[in-house]
Amino acid sequence: TAQELALPVGVTLDRFIMASQSAFPYATGELSQLLRDIAIAGKIINREINRAGLVDIAGGNGTENVQGENQQKLDIVANIRFIRALKNGGEVCAILSEEEEDIIYTGNEHGKYVVAMDPLDGSSNIDVNVSIGTIFSIYRRVTPTGSPATMDDFLQGGRKQVAAGYILYGSSTMLVFSTGDGVNGFTLDQSLGEFILSHKNISSPNNGTIFSVNEGNYYSYLPSVQKYLDNCKQRGYSARYIGSLVGDFHRNLLKGGIYLYPSTKKDPKGKLRLLYECYPLAFIAEKSGGKASDGFGAILDIVPTSGHQRSPIYVGSAAMVKESVQP
Ligand code: P6P
């Protein structure tokens with residue numbers, strides 16, 4: 001497998017992809033190219049984010065996205081940049097983005113893949129300089145190449161993802177992804193403009209003492225969730241919640257912990273989106289030894305019915321997720 005490849009920490013993303021590619025002769029290289037295209041978009045968005053304080057693009061621009069949320073200008077910039085990178089790369093025939101209700105056609109009707117993405121999650125944190133992230137999920141299309149993609153290509157279910165991951169724009173910028181064989185993290189070397197393998201074959205601790213949840217919703221949670229949170233506090237666990245999913249998820253992935261966004265009175269189906277937030281992070285969680293549940297079963301086993309549907313999510317260290325969803 002790619003993990004057995006003698007790839008030392010420090011190799012570039014390109015070198016890693018080429019080595020992994022040779023480990024999978026059947027892979028014809030399109031997915032490799034697609035991952036490179038995502039990395040390119042990440043570098044461009046990283047540059048825009050780092051300028052956000054300097055150029056007047058950080059503030060809200062008055063329009064609303066499909067979520068009814070006030071779009072930050074960087075939301076729009078990130079959405080445009082990702083679409084352009086995937087369009088130019090040629091491997092992707094269609095995109096489903098949090099920022100747009102309908103499928104975005106790239107014109108690459110012979111592209112074998114579709115991508116569901118949240119181009120910039122947690123974008124309300126931009127103005128206050130909190131880490132934000134891009135989340136992506138990749139499927140091989142099921143409709144015939146040469147024809148326009150349909151929602152069938154996006155509603156295949158979490159276990160049909162061929163790859164998924166995120167880019168975290170934090171104290172450093174990291175690309176973390178899996179193609180189904182382990183999870184690897186690459187840190188952007190700004191001086192080289194290269195993603196460098198920094199976290200090889202990430203294994204998420206089976207247990208942890210960090211819980212990430214919006215305590216402000218405590219009285220709106222089910223009694224079973226309240227009981228779990230009470231147990232965390234009685235055990236003296238650390239509460240860590242930065243209001244930015246990718247940042248909270250990534251810290252818990254490395255250190256052990258659980259992120260919960262249960263159903264609330266305001267969001268009875270949960271707040272987070274299944275296709276481009278819950279599925280990709282559940283994929284990363286499971287491929288690194290963790291778990292992801294909607295409170296009833298594995299997130300990846302949820303049968304999707306619409307592109308922007310929401311789901312409750314309990315994701316992170318396996319033992320913590322198991323305990324958190326006990327009735
Ligand atoms: P709340 C950001 O809007 C987001 O989608 C996630 O990044 C974050 O974890 C969550 O919502 C925060 O939601 O309701 O706690 O403010």
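Modeller: Let's start with one term: a polar contact is a pair of N or O atoms within 3.5 Å. Please also keep in mind that this is a predicted model.

Colleague: Thanks! What makes the approach of Asn214 to an oxygen atom of the ligand a polar contact?

Modeller: A polar side-chain atom of Asn214 lies 2.9 Å from an oxygen atom of the ligand. The cut-off is 3.5 Å, so the pair counts as a polar contact.

Colleague: How do you know that Tyr241 and Tyr259 belong on the list of contacts too?

Modeller: By the same test. For Tyr241, an N or O atom in the side chain is 2.6 Å from an oxygen atom of the ligand. For Tyr259, the distance from a polar side-chain atom to a ligand oxygen is 2.7 Å. Both values lie within 3.5 Å, so both count.

Colleague: How much of the ligand does the protein bury?

Modeller: The protein buries 80% of the 400 Å² that the ligand exposes when taken alone. The residues around the ligand include Asp121, Asn214, Tyr241, Leu245, Tyr259 and Lys271. Sorted by class, this shell has five nonpolar, four polar and two charged residues.

Colleague: Leu245 also belongs to helix H6. What makes you say that H6 is mostly covered?

Modeller: Nine of the 11 residues in H6 are buried. Among them are Leu245, Val246, Phe249 and Leu253. Just after the helix, Gly256 takes a positive phi of about 95 degrees.

Colleague: Now the rings. How many aromatic pairs does the structure hold?

Modeller: There are five aromatic pairs. One of them is formed by Tyr166 and Phe249.

Colleague: Why is the pair of Tyr166 and Phe249 called edge-to-face?

Modeller: The ring centres of Tyr166 and Phe249 are 5.7 Å apart, and pairing asks for centres within 6.5 Å, so the rings pair. Their planes stand at 85 degrees; that is over 60, so the pair is edge-to-face. Tyr166 sits in strand S7 and Phe249 in helix H6, so the pair links parts of the chain that are 83 residues apart. Both Tyr166 and Phe249 are buried.

Colleague: And why is the pair of Phe177 and Phe186 called stacked?

Modeller: The planes of Phe177 and Phe186 are 10 degrees apart, and planes under 30 degrees apart count as stacked, so the name fits. Their centres are 5.6 Å from each other. Ring pairs also bring in Phe16, giving a cluster of Phe16, Phe177 and Phe186.

Colleague: Are Phe177 and Phe186 buried or exposed?

Modeller: Buried means under 20% relative accessible area. Phe177 has 4% and Phe186 has 0%, so both are buried.

Colleague: How do you know that strands S9 and S10 pair?

Modeller: Pairing needs at least two bridges, and five join S9 to S10, so these strands pair. They run antiparallel, and Asp189 stands opposite Glu194 in S10. Together S9 and S10 form a hairpin with four residues between them, where Gly193 in the turn has a positive phi of about 70 degrees.

Colleague: What pairs with S9 over four bridges?

Modeller: Strand S8 does, in the antiparallel sense. There, Phe177 stands opposite Asn184 in S9. These strands belong to an open sheet of eight strands, in the order S4-S3-S5-S6-S7-S8-S9-S10, with mixed pairing.

Colleague: What makes S4 and S10 edge strands?

Modeller: S4 and S10 each pair on one side only.

Colleague: Let's finish with some loops. Why is Gln161 called buried?

Modeller: Gln161 has 5% relative accessibility, which is under 20%, so it counts as buried. This residue lies in the loop between helix H4 and S7. Its side chain makes a polar contact of 2.7 Å with the side chain of Ser137.

Colleague: And why is Asn129 called exposed, while Asn201 is called partly exposed?

Modeller: Exposed means over 50%, and Asn129 has 72%, so it is exposed. Asn201 has 39%, which falls between 20% and 50%, so it is partly exposed. Asn129 lies in the loop between strands S5 and S6, whereas Asn201 is in the loop between S10 and S11. Neither is a glycine, yet phi is positive at about 60 degrees for Asn129 and about 45 degrees for Asn201.

Key:
Residues numbered from 1 in each chain as written. Heavy atoms only, no water. Phe/Tyr/Trp six-rings, centres within 6.5 Å; stacked < 30°, edge-to-face > 60°. Buried < 20%, exposed > 50% of the residue type's maximum accessible area, 1.4 Å probe, protein only. Near = heavy atom within 4 Å. Polar contact = N/O pair within 3.5 Å; in protein donor to acceptor, adjacent residues only side chain to side chain. Areas by Shrake-Rupley, 256 points an atom, 1.4 Å probe, with all protein chains shown as cover. Nonpolar A, V, L, I, M, F, W, Y, C, P; charged D, E, K, R; others polar.
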